[in-house]
Amino acid sequence: MTNQPYGAYDPYQDPQRAQGVWPGQQQAYEDPYADQQYTQQWQGQTWETQTQPPVAAAVYAPVSPAPAPAPVPRAAPEVPAAPEAPAADGSGPEYGPATLGGNSRVTDAQRARAEGRSPIIEPGIQPAVLTALLGLLLAGGAALGTYALLVPLVLLQGLTAAGWFRLNGMWPARQGIALGFLGALAADAALLVSDRSPAAILGTLGVWVLLSLVLQLRSHADPDERMYGLMATVVAAALAIAAGGYLAADASAVTVGAVAVAAGAVARALPLPTPVSVVAALLAAAGAGYAVDGPAGAALGAGAAVCALIGHRVASYDYPSRFVHFTAGVALPLAAAAPAVYVLGRLAG
C-alpha cells in the first residue's frame, strides 16, 4: 500500500471498495443485483393503499394494438306521447293528467302552454251553483240571526283555507290548513265577544301572522320552500279571517251582498265569451241587489260582484284541479266579497 498522509485516503473513492472488494481480496463473482443495492428506496407514505411487489426488469416486445370493439347499436329512447288536447266541441277530457305523460316535473300549466292551450280553466257551472247555494245560506242565516249566520260562515271559512293551499300546489298541508281555519274560528269568537267589532278581525289577523311565522321557523324545509309555505299560510289565514266580515256587517248588507254574489256567480258560469259573461255577472248582481234593497242594494251588489269576480279569477289560475274548483272555486268569490259587503254596508247605512 502506498504511504499517504493521514486523512488523505478515502476508502469510498477506492474503485475496488466501491465494488464491494476489500484490498487484498479477490472478487469471487459479480453480483448482478449490485446496482440495485444503492438504489434509493422511498419509505414514506404514498397514495397507494396496498404494498406493491418490486418490479423486475423485463424485456418488452412490441405488441400490436388490439382491434377496437364494434359499436353496439342502442335503441332509441321511447318518447311518451303528449296528452291529447280537449276537443273544440267539449267531448275531450276536461282535465289533463298531471304526471301520466311527459316529464313528471312539468306541471299541467306548463304542458298546456307548450301545447298552445290556455292554462286558465274556470270552475264551471257546478261550483257556481254551490257558490250560489252557499250565498243563499248566508243570506238566510243573516235574516234569521247571528248564530244562524255562523253555521254557513264556518263552512265558507274551512273551504277557503283548504282551497287556497291546494290552489298553490301544497297538499297535504294539514298544519297550514288547520292554522288558517283556527284563525277564522278565533276571529268569529272575538267578533261575538266584542259585539261584532271589526277591530277583532284585525287583531286576530295580526296574531295569526305571528303564529304562521313561528310555525315556518320551526320547519326543516329549504329556505325557499319555507318562504313559500309562509306566504301560503298567511294568505290562507287572512282570507279565512276576512270572511268573518259577514259576521261584522249589518244583517241587511249581508243579505244583499250574498244574494248578489250568488246571482253573479251563476251568470259568470254561463257558456258565453269572457267579456260578455263578466258584464252579465255584474248586471245580474246589481239586479239582484236592486230587487232586495233598491238602488242602494244595486250599488252594494255591484261592488260585491266585482270582488267576487276577482276571487273567481284567482280560483281559475294556473290550470287548477277539480278539487280546487270545488273548494277555492266555491269559497273564494264569497270570501273576497266579505270586506266589500262590510264597507259598502257601512257607507249605505
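This is a short tour of one histidine, the salt bridge beside it in the contact list and the two cavities it lines.

Before you start clicking, note that this is a predicted model, in which local features need pLDDT of at least 70, side-chain atom pairs count only at pLDDT 80 or more, and totals for chains, interfaces and linings use all residues. Residues are numbered from 1 along each chain as its sequence is written, and side-chain values use heavy atoms, with hydrogens and water left out.

**Stop 1: H312.** Select H312 in helix 11 (residues 274-315); helices here are DSSP runs of H or I, at least four residues, numbered from the N terminus. H312 has a relative accessible area of 11%, so it counts as buried (under 20%; exposed is over 50% and partly exposed in between, with a 1.4 Å probe and protein chains only). Now show its contacts (heavy atoms within 4.5 Å): beyond neighbours within four places in sequence, they are E122, P123, R268 and P333.

**Stop 2: E122 and R268.** Keep two of those contacts, E122 and R268, on screen. They form a salt bridge, with the closest N and O atoms 2.7 Å apart; the term asks for a side-chain nitrogen of Lys or Arg within 4 Å of a carboxyl oxygen of Asp or Glu. The pair links distant parts of the chain, 146 residues apart: E122 is in the loop between helix 3 (108-114) and helix 4 (125-144), and R268 is in helix 10 (residues 251-268). E122 is partly exposed at 31%, while R268 is buried at 8%. A search of the whole structure finds 1 salt bridge.

**Stop 3: the largest cavity.** A cavity is a set of points on a 1 Å grid over the protein atoms alone where a 1.4 Å probe fits but cannot get out; lining residues have an atom within 4 Å of a point. The structure holds 3 cavities of 30 Å³ or more, and the largest has a volume of about 70 Å³, counted as the space filled by probe spheres set on grid points joined across faces, edges and corners. Select its lining: A260, V261, G264, A265, R268, A281, A305, A308, L309, H312 and P333. Helix 10 and helix 11 are the elements that give two or more residues to this lining.

**Stop 4: the second largest cavity.** Next select P123, G124, P127, A128, T131, A265, H312, G329 and P333, which line a space of about 40 Å³. Helix 4 supplies the largest share of this lining, 3 residues.

How values were computed
1 Å grid on protein atoms, 1.4 Å probe; cavity = no way out; pocket = protein on both sides within 12 Å on 5 of 7 lines; lining within 4 Å.
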